[in-house]
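Please read the following alongside the sequence and the coordinates, which are shown just below. The paragraphs after them move from the pockets to the packed interior and then to a few individual residues.

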Amino acid sequence: MTVPTKTLPSGAELPALGLGTYGLDDEETADSVRAALDAGYAHIDTAEGYHNEEVIGGALAEYDRDDVFLTSKVLAKNLNYESVIESCEASLDRLGTDYLDLYLIHWPNPAISLRETLRAMAELRERGLVRDVGVSNFSAYQLSCAHHISDVPIAVNQIEFHPWFQRPDLVDYCRETDTVIEAAAPLARTDVFGDEVVAELAEKYDKHPAQVVVRWAIDSGVVPLPRSSTPAHVRANAEMDWELEEADRRRLDNRDRDAPVYDTPARDWTSDVYGIEQ
C-alpha cells in the first residue's frame with residue numbers, strides 16, 4: 001500500500017496512518033502489530049500507560065526497526081524533569097530500541113510545570129533518545145503555551161478526533177502552527193459505525209464502516225490511529241486503493257455532534273494514569 005506522509009521538524013516522515021494499541025490484551029497486541037507490519041503499516045503508537053510496550057517490543061524484534069515509525073508517551077504523573085527522562089529510558093528498554101521516532105506528553109498535568117516537562121523533552125531530543133516531541137490531549141490554549149515556551153518544536157498533538165467530534169477550533173490552530181494532528185479513537189471506539197451516513201457510505205463503496213472513516217480522516221489531513229483486535233480488520237483499514245467522492249467527504253464533515261467518547265471533564269484525575277492528588 002502507499003500511505004502519504006507528514007514531514008516533522010526533524011525532517012522525519014510520519015506515515016499518515018498508524019496502528020493504535022490501546023486496550024488490547026497481550027496476545028491481541030502482538031497479533032495486531034504483526035498483522036499491521038505485514039500489511040505495510042510503518043507506524044505504531046503506544047504509551048507507558050498502555051502497559052503493552054514489552055509485548056510490542058517483542059513483536060518489533062522480528063522486523064527491521066528502521067522501517068517502523070514508533071511513538072510512545074509519558075504519563076501525566078511523570079512529567080517532572082527526572083521522571084520524564086526515567087520514563088523514556090524505561091519505555092526504550094521495554095520496547096527493545098535505542099530511540100523513539102516520536103515522544104508525547106500523554107495528558108497535560110496542571111500540577112507540574114509545563115516548562116520543566118518540555119525542558120526534559122528537549123534533553124531527550126539532544127541525547128538522541130527521541131527524534132521529535134509532541135503532546136497529546138492538549139487544548140488550543142495548552143498547545144499555545146507549549147509552543148511559546150518549548151526549546152524544541154512541538155511536532156504533533158494527538159487528540160480525540162472522529163466524525164462526531166471534529167473540534168474545528170483546535171484543528172484550525174494546529175494547522176496554523178504546523179502541528180500535525182493525530183486522531184486517537186478515530187472510530188469513536190466503534191460508536192460511529194452506527195452513524196447513518198457512515199453506514200450508507202460503507203454500503204455504497206462496499207467497504208467496512210471503519211475503512212470509510214479512516215479514509216475520511218486521511219483525506220481531512222489528519223493521521224488516524226485505528227486499533228483492532230482482528231488482524232483482518234487491521235489489514236482492511238490499510239487499504240488505500242480507493243477514494244471517497246468529494247460530496248461524500250462533505251457529508252461526513254457535516255456529522256459533527258461535538259460528542260467525545262473519552263476526552264471529557266469527567267475523568268478520575270487520581271487514577272494511575274494521571275496520578276494527580278486532590
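Which helices each supply at least two residues of the lining of the second largest pocket? In this predicted model, the elements that do so are α4 (114-126) and α5 (140-149), and the largest share, 3 residues, comes from α5. The space in this second largest pocket amounts to about 160 Å³. Its lining consists of 13 residues, and those nearest its centre are Pro108, Asn109, Leu114, Phe138 and Gln142. By residue class, the lining divides into 9 nonpolar and 4 polar residues, with no charged residue among them.

The largest pocket holds about 740 Å³ of space. It is lined by 35 residues, of which Tyr22, Tyr50, Ala185, Arg189 and Arg227 are the closest to its centre. Helix α9 (residues 231-237) contributes the largest share of this lining, with 3 residues. The lining of the largest pocket comprises 16 nonpolar, 14 polar and 5 charged residues.

One of the residues closest to the centre of the largest pocket, Arg189, also deserves attention for its backbone. Arg189 sits in the loop between β8 (180-184) and α7 (196-205), and its phi is near 50 degrees, a positive value in a residue other than glycine. Thr190 is placed in the loop between β8 and α7 as well, and although it is not a glycine, it has a positive phi of about 75 degrees. Are these two residues buried, partly exposed or exposed? With a relative accessible area of 39%, Arg189 counts as partly exposed, because the partly exposed class runs between under 20% for buried and over 50% for exposed. Thr190 is partly exposed for the corresponding reason, because its relative accessible area is 45%.

From the pockets the account turns to the packed interior. The largest nonpolar core has 71 residues, and those with the most contacts inside it are Val33, Ile44, Cys88, Leu100, Tyr103, Leu124 and Leu252. Helix α8 (residues 209-219) gives the most to this core, namely 7 residues. A second core, separate from it, has 10 residues, including Leu8, Ala16, Leu102 and Ala155. To take one of the well-connected members of the largest core, Leu252 is in touch with Pro163, Gln166, Val197, Val198, Leu201, Val212, Trp216 and Leu244, when residues up to four places away in sequence are not counted.

Why can helix α2 be described as largely enclosed by the rest of the structure? The reason is that 6 of the 8 residues of this helix (residues 53-60) are buried. The buried residues in α2 are Glu53, Val55, Ile56, Gly57, Ala59 and Leu60, and they pack against α1 (26-39), β3 (43-45), β4 and α3. One of these partners, strand β4, contains Thr71, which is buried with a relative accessible area of 0%. With residues up to four places away in sequence left out, Thr71 touches His43, Ile44, Asp45, Thr46, Leu102 and Leu104. Of these contacts, Ile44 is among the residues with the most contacts inside the largest core, whereas Leu102 belongs to the second core.

Past β4 the chain reaches Leu79, which is located in the loop between β4 (69-74) and α3 (81-95). Leu79 counts as buried because its relative accessibility is 3%, and buried means under 20%. Its contacts, leaving aside neighbours within four places in sequence, are Val74, Val84, Ile105, Trp107, Asn109, Ile112 and Thr117. The C-alpha atoms of Leu79 and Pro108 are separated by 8.6 Å, although the two residues are 29 residues apart along the chain; Pro108 is also one of the residues nearest the centre of the second largest pocket.

Trp107, one of the contacts of Leu79, leads on to the aromatic residues. A search of the whole structure finds 4 aromatic pairs. Trp107 and Tyr262 form an edge-to-face pair, with 6.0 Å from centre to centre and 85 degrees between the planes. This pair links distant parts of the chain, 155 residues apart, with Trp107 in the loop between β5 (100-105) and α4 and Tyr262 in the segment after α10 (246-253). Both Trp107 and Tyr262 are buried.

Terms used
Residues numbered from 1 in each chain as written. Predicted model: local features only at pLDDT ≥ 70, side-chain atom pairs only at ≥ 80, totals over all residues. Heavy atoms only, no water. 1 Å grid on protein atoms, 1.4 Å probe; cavity = no way out; pocket = protein on both sides within 12 Å on 5 of 7 lines; lining within 4 Å. Points joined across faces, edges and corners; volume = space filled by probe spheres on them. Helix = DSSP H or I, 4+ residues; strand = E, 2+ residues; numbered from the N terminus. Nonpolar A, V, L, I, M, F, W, Y, C, P; charged D, E, K, R; others polar. Core = buried A, V, L, I, M, F, W, Y, C linked by side-chain atoms within 4.5 Å. Buried < 20%, exposed > 50% of the residue type's maximum accessible area, 1.4 Å probe, protein only. Contact = heavy atoms within 4.5 Å. Phe/Tyr/Trp six-rings, centres within 6.5 Å; stacked < 30°, edge-to-face > 60°.
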